[in-house]
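Reader: I have a structure to read and would like to go through it in order. Please show it to me.

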Amino acid sequence: MSSSRLHSGVFFTLCAAGVALTGSAAFAACPLELAVYGDAESAAEIDFRPTEGSAVVTNTFKMVLDNDVVLDGIVMWTQGVARPHGSLMYKCPTGDVTGDELAACTLWEGVVYSADDKGNVALLPAEGVDAPKTLIFPDLGPSLQRSTAYGANGFSKVPWDVFSLKGCQE
C-alpha cells in the first residue's frame, strides 16, 4: 500500500471519528426543552418546547404524526407519589374549558419514563437538564389507534411507545 493511500485512509478515519464525536457531544449538551425524539417506526416525532415559567406544567412538547396531525403534549408532576403525568391532546378548545371537554380531546395519558444508554430507566425530569437518550410512553400506540384522530381523516401510522433522541433544536 502506498504511503499516500495510507495517509488518506488515516485522514478519512480521523474525520469520521470527529464527526461521530461532534454528533454525540451535540446530543449530550442538548437541554430537554429543545430535544427532538423519533420512534423506531418513523411514525412520529416529538419536539420539546420551553414551558416559559409555568408553575404547574414541567414539560411541553408537540407530537407530529403523518398527514400533518399535531398533538399537544404536557407533563405535570402528580401529588402524593410524585410521577411525571403526561397528556397528549388533539384539537382541544382554548380558554375556559370543562373537565369533560379536556377528556374528550385527550388521546393519551400516563407516566412518561426516560432511559439512558445503559438501559437504566427513570422518570422524565423537568426541563433544565440534559435530554435523556430514550423516552417511553406506555401504551401510546394502542391508545392513539383507538383515538378519534386515527383513520381516514387523521393520521395513519401508529408510533411505537419508545422514542430515541434524534437531535436538538437550535
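Author: What follows is a set of questions and answers on this predicted model.

Reader: Which elements does the protein have, and in what order do they run from the N terminus?

Author: The protein holds three helices and 10 strands. Of its 170 residues, 34% are buried. From the N terminus on, the elements run α-β-β-β-β-β-α-β-β-β-β-α-β.

Reader: Which strands stand at the edges of the sheet?

Author: The 10 strands form an open sheet with antiparallel pairing, in the order β6-β5-β4-β3-β2-β1-β10-β9-β7-β8. Two of the strands have a single partner strand each, so one side of each is left without a neighbour in the sheet. On average, neighbouring strands are turned by 30° against each other, direction ignored. The strands at the edges are β6 (106–111) and β8 (121–123).

Reader: What is the bridge partner of A35 in β10?

Author: Strands of a sheet pair through backbone hydrogen bonds, either parallel or antiparallel. Strand β1 (residues 35–39) and strand β10 (residues 162–168) pair in the antiparallel sense, over five bridges. V36 has G167 as its bridge partner in β10. For A35 the partner is C168.

Reader: Which residue of β2 stands opposite G38?

Author: β1 also pairs with β2 in the antiparallel sense, over three bridges. The hairpin of these two strands has four residues between them, and S42 takes a positive phi near 55° there. Opposite G38, in β2, stands E45.

Reader: Are the residues of β1 buried or exposed?

Author: In a regular strand the side chains alternate between the two faces of the sheet. From β1, A35, Y37 and D39 point one way, and V36 and G38 point the other way. Five of the five residues of β1 are buried, so the strand is largely enclosed by the rest of the structure. On both sides, then, the residues are buried.

Reader: Which residues have the most contacts inside the largest nonpolar core?

Author: In soluble globular proteins, nonpolar side chains tend to be buried together. The largest nonpolar core here has 28 residues. Elements that give two or more residues to this core are β1, β2 (44–49), β3 (57–65), β4 (70–77), β6, α3 (140–145) and β10. Those with the most contacts inside the core are Y37, I46, M63, L71, F137, L140 and F163.

Reader: Which residues does F163 touch, not counting those up to four places away in sequence?

Author: F163 is among the residues with the most contacts inside the core. Its contacts include Y37, I46, M63, F137 and L140, which are also in that group. The full list is Y37, G38, D39, A44, I46, M63, K133, T134, L135, F137 and L140.

Reader: How many residues apart in sequence are the parts tied together by K166 and E45?

Author: K166 forms a salt bridge with E45, the closest N and O atoms being 2.7 Å apart. K166 is partly exposed at 46% relative accessible area, and E45 is partly exposed at 26%. K166 lies in strand β10 and E45 in strand β2, so the pair ties together parts whose separation in sequence is 121 residues.

Reader: Which residue meets K62 in a salt bridge?

Author: The structure holds two salt bridges, and in the one with K62 the N to O distance is 2.5 Å. K62, at 29% relative accessibility, counts as partly exposed. The partner is partly exposed too, with a relative accessible area of 32%. That partner is D72.

Conventions
Residues are numbered from 1 along each chain as its sequence is written. This is a predicted model: local features need pLDDT of at least 70, side-chain atom pairs count only at pLDDT 80 or more; totals for chains, interfaces and linings use all residues. Side-chain values use heavy atoms; hydrogens and water are left out. Two strands pair if DSSP finds at least two bridges between them. Axes are lines fitted to C-alpha atoms, for helices over the stretch in contact, and angles run from 0 to 180 degrees between N-to-C directions. Buried means under 20% relative accessible area, exposed over 50%, partly exposed in between (1.4 Å probe, protein chains only). A nonpolar core is a set of buried Ala, Val, Leu, Ile, Met, Phe, Trp, Tyr and Cys residues joined through side-chain atoms within 4.5 Å. Contact means heavy atoms within 4.5 Å. A salt bridge is a side-chain nitrogen of Lys or Arg within 4 Å of a carboxyl oxygen of Asp or Glu.
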